[in-house]
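Colleague: I should like to go through the terms used for this model, one by one, and hear what stands behind each of them.

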Amino acid sequence: MTRASGAGAGRGMAVMVRRRSHWAWGYDDELASEAELRATAELMSAVTGLELPGGLEAPVPLERVRLRQPRVAVPPRLAAICSQRPGDRAVHAHGMAYRDLIAAFRGRFEHVPDVVARPGDEHEVEELLAWCETAGLALIPFGGGTSVTGGVEPRVGPGYAGTVSADLSRLGRVLEADPVSGAARIQAGATGPALNAQLGSHGLMLRHFPQSYEFSTLGGWIATRSGGHYATGPTRIDDLVESVRAVTPAGIWQSRRLPGSGAGVSPDRLLLGSEGILGVITEAWVRVQRRPAYRAFASVRFGSLAAGADAVRSITGSGLAPANCRLLDPAEAAIAAGGDGTHALLLLGFESADHDVTPWLEAALAHARACGGTREQARSSGPAGTGQPGGARRRAATGPGEAGRARAAGQGGRWRGAFLRMPYLRNAFPAIGLIAETFESAVTWDAFPAFHQAVTGAVQEAARRACGQAVVTCRLAFAYPDGPAPYYTVLAPGRRGEEAAQWDAIKTAASDAVLRAGGTITHHHAVGRDHRPWYDRQRPEPFAAALRAAKAAVDPRAILNPGVLIDPPEPGSGRQRR
């Protein structure tokens, strides 16, 4: 922690400010102790059977990190919102992919922003853009820094005098709430916990809980087309957006607030997934709802992932729309939920603000039983004080933090806890020599069996060549009536100093296999810089030309997040590259 003082701290008082880790997920005071690291190494070896390198490696502390000197000077008019301190620049130099984690752990910051700016309103965003245009600087919008695809890394190529990371954390307020229409106007820099805490005073919540919920922001969710913690129904941020407002070098991009419109190509749809290349998203109207008062949960065991997938397909095709319908393969269930390694596990959950959802759960369980499933455990909740079975005497959970405290017992509860702790657990892996990373996709139900076989086969073979041994697990993280979104985890022993190269070899094989088998290079992790080679192969070329034209219209000097989705112009050419 660092100590702050001054007018904002009160006379004679000091306020303790938590400092974000310069390399890891979370804050400096949350990093694991040596005893905890050794326990994690023993646990991971035991549950995976992997032979880890042995011994512990320590991260390079911030005071020993050597960053490239800033190449630009901040103009006086922007000095109040800009920082060139090493700690700020290091935090904003990377996202949270394994490649980012291991490089920063070892103190390697190849690409760092020259300036970190924290605008407090749209006028300051406009001033920042104007400076970047005039000075030839690349500007990278930064929400929570949770990108796992190189989306916030200032790796922009030649042709720029420097880079500016535009941290939107000061734009973190709920500006309006409309309980009549069920919507709220929220600034883009609001994190999940912050915006739901503010909505709570209106009895409302935004039903969108990605695993990065603690630090990721509304603007980041919109820019990357985030997928939420709930696995079916309106889980994507796409489904929750009413209108979006962004600042571009060409002016304000503001769509009309409507429940729906058929007036041509939607301005919102073009900003959704734009990953910061078309403008700096500053606020949005999003659909919110009352907090759930009724909940019902169950876990169901299956003899195989295939049998469980049949059940998920049956449930999602029935119109029941569970809040949770996630399927873990036997290996994932063993590692994350305490399973025996022989059974797949389906996590089912329903919720509502105004009616008992037990009948819906029972209907879903009937589909599961028809596919060979066996119910493990269940838990229900009704409104406070009603005396109904499992009555909610405490407030129903509204986000991962509370869900973790109120989770049900059994394998399903253990998995929910592991899911929410995973970003913190990953912090230990560089120290113990464990490569741990994920990739995900989506594919139609008819193609899924062959897709899964092809992808897991390719990844296991690549991991064997790169690491000698590996564990590859799969869960169906999201499910639609027409197909699932399989999410894969790779665990493998690393060779000290070679982990990034080992992972890159596995990731390349996985990405090639995903496209060959008919899936998408990303369902919800975004494109960033890391997925570009495969995104270029996936998108239609006429669409790529249209996107380049849109970029040129609103950002003629190509200062916004260069290298994401499309390339900036060749230096001196004035033309957009691929």
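Modeller: Let us begin with helix α3 (residues 98-105), in which six of the eight residues are buried. This is a predicted model, in which local features need pLDDT of at least 70 and side-chain atom pairs count only at pLDDT 80 or more, while totals for chains, interfaces and linings use all residues. Residues are numbered from 1 along each chain as its sequence is written, and side-chain values use heavy atoms, with hydrogens and water left out.

Colleague: What makes a residue of α3 buried rather than exposed?

Modeller: Buried means under 20% relative accessible area, exposed over 50%, and partly exposed in between, with a 1.4 Å probe and protein chains only. Among those of α3 that meet the buried limit are Tyr98, Asp100 and Phe105.

Colleague: How do you know that α3 is a helix?

Modeller: Helices are DSSP runs of H or I with at least four residues, and strands are runs of E with at least two, numbered from the N terminus; α3 has eight residues, and Gly107, with a positive phi near 80°, follows α3.

Colleague: Why are β3 and β5 called edge strands?

Modeller: Two strands pair if DSSP finds at least two bridges between them. In the open sheet, ordered β3-β4-β6-β5 with mixed pairing, β3 (82-83) and β5 (137-142) each pair on one side only.

Colleague: What makes β3 and β4 a pair?

Modeller: Two bridges join β3 to β4 (residues 115-117), so the requirement of at least two is met; these strands run antiparallel, and Cys82 stands opposite Ala117 in β4.
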